[in-house]
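This report looks at a helix, a pocket and a cavity, and at one buried side chain. Please keep the structure in view while reading.

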Amino acid sequence: MNFFESIVNFVNNIMWNKNLLVVILVVSGIIFTVKTKGVQFRLFGHMISLITEKTKKNREGISSFQAFCISTASRVGVGNLAGVVAAVSVGGPGSVFWMWIVALLSSATAFVESTIALIYREKDPQGGYRGGAPYFLTKGLNKRWLGVLFVIFALICWAGVFQIISNSVTESFNTAFGINTKTTSIVIVVLAAAVLFGRRDKIVKVLDKMVPAMAAIYLIVVIFIIVKNITLIPATLKDIFEHAFGIKQFLGGTFGTVVMQGVKRGLFSNEAGSGSAPCAAAAADIDHPVKQGLVQALGVFVDTILICSATAFVILLSRGDIPEGLGGMTLLQESFRYQVGNWGVIFTAVILFLFSFSTILGVSFYAKPNLAFLYDKPWLQEAFKVFTLVMLFVGGVRQNFLVWNLADLGLGLMTIVNLMGVYPLTYKAVESLKEYEKEYIKK
């Protein structure tokens, strides 16, 4: 086991600690931004209009908005809370600026990979559509073996993600309510089972209502905090920009830490380039691939520019007024406690649960087309649901750092495999974008 762990740690060290993946994803974001002529900026207003576009009746599969909710559910999770806290704690206020920059670049990556996923998707025998990295790697590049690798790496990643999510929620509820971790784990498993083993479209229907509601609730409370501290906002923004390009940080040798913490948080949170969100995008019943590509690009803005920034501002506006040395969810809970009173601790725990539960459902939706790609039999889908519940319970009652490291390993490797398909097929997305702009935008 020690030998296996050392291999996992060695590979993770290269991908994450040596910033190999960070460089790959940032460079990818720049390349895709250039190739699409800044589609995320040029068509931002159009993205908004697509979200509010009426869905057609008698559609096959899910609506564009439902696909947006599913991918947002996966993006908005523990990383938007504890992850942002870690970035600000280590990298300081300046990390927020670099988090914004990477989100602006990553939205181009999200557009390209999702558009490609729709171009190469296929009809689902049970109704609707299915697609994603395994499908465009097979149909676009004729490399099914890469598709198989992607699915394997994704399953490794998601097994760890389920445990991380569950553990974060149980620890948070233990702090806020004094409920033991085993009890909370059972509750999570029961609620997850009720949705996973429900009707075929149960996940979609739950997320359709849950994602907008939880995001709105969180943002309303944060907006209240910002308005309450409105006189501190100019100084906070000044702090963010000064630390982002600070001479002190540069001379002190911490400039690289500031940049990398912001970049990593943006990349880890929005998932652009990992190949996850295209699984939801491909399921949308839409009349042009670019439409859903634009909707998924907007998802990156929602995740990072709105949700992650909201968390960062709560922390920054509370600095100096809460005990030093706190970290993770404890720091966030104490920041909310300072801003809105004792119920802030409870609010943080509830929001973490909502974010986490939506991620569980989002990832479960992603697993469907990937498992069908490997072996299209109903029993495999049911087996994965049971596996999901086991991972949630085990993760909730105790930490398993090997599994958590495997999650990082799986995420890194699936990202690399996904981009191996996205790069050579980028021209397809660019051609589709030109066609779309000619037909829909420049009438």
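Which element gives the most to the lining of the second largest cavity?

## The second largest cavity

In this predicted model, helix H18 gives the most to that lining, with four residues. The count of cavities of 30 Å³ or more comes to two, and the second largest has a volume of about 60 Å³. Its lining is made up of Leu-196, Ile-203, Ser-364, Ala-367, Lys-368, Leu-371, Gln-381, Phe-384 and Lys-385, and the elements that give two or more residues to it are H18 and H19.

By residue class, the lining of this cavity divides into five nonpolar, two polar and two charged residues.

## Helix H19

Helix H19 covers residues 378-397, and because its 20 residues should span 28 Å at 1.5 Å a residue, the 30 Å between its end C-alpha atoms agrees with that expectation. The buried residues of H19 are Leu-380, Gln-381, Phe-384, Lys-385, Thr-388, Leu-389, Met-391, Leu-392, Gly-395 and Gly-396. An α-helix has 3.6 residues a turn, so residues three or four places apart point the same way.

What covers the buried residues of H19 includes helix H9 (144-177), helix H10 (181-196) and helix H18 (343-374). Gln-381, Phe-384 and Lys-385 are among the buried residues of H19, and these three residues are also found in the lining of the second largest cavity.

## The second largest pocket

The second largest pocket has a volume of about 730 Å³ and is lined by 32 residues, of which Asp-124, Gln-126, Gly-127, Arg-200 and Lys-368 lie nearest its centre. One of these, Lys-368, is also listed in the lining of the second largest cavity.

At least two residues of the pocket lining come from each of strand E2 (129-130), H10, helix H11 (202-228), H18 and H19. The lining of this pocket divides into 13 nonpolar, seven polar and twelve charged residues.

## Gln-296 in helix H16

Is Gln-296, a residue of helix H16 (residues 289-318), buried or exposed? Gln-296 counts as buried because its relative accessibility is 0%, where the cut-off for that class is under 20%.

Its surroundings can be listed by residue. With neighbours within four places in sequence left aside, Gln-296 is in contact with Ala-67, Phe-68, Ser-71, Arg-75, Ala-110, Ser-114, Ala-277 and Ala-281.

Technical notes:
Residues are numbered from 1 along each chain as its sequence is written. This is a predicted model: local features need pLDDT of at least 70, side-chain atom pairs count only at pLDDT 80 or more; totals for chains, interfaces and linings use all residues. Side-chain values use heavy atoms; hydrogens and water are left out. Buried means under 20% relative accessible area, exposed over 50%, partly exposed in between (1.4 Å probe, protein chains only). Contact means heavy atoms within 4.5 Å. The expected span of a helix is 1.5 Å times one less than its number of residues. On a 1 Å grid over the protein atoms alone, a cavity is a set of points where a 1.4 Å probe fits but cannot get out, and a pocket is an open set with protein on both sides within 12 Å along at least five of seven lines; lining residues have an atom within 4 Å of a point. Grid points are joined across faces, edges and corners, and a volume is the space filled by probe spheres set on the points. Ala, Val, Leu, Ile, Met, Phe, Trp, Tyr, Cys and Pro count as nonpolar, Asp, Glu, Lys and Arg as charged, and the others, Gly among them, as polar.
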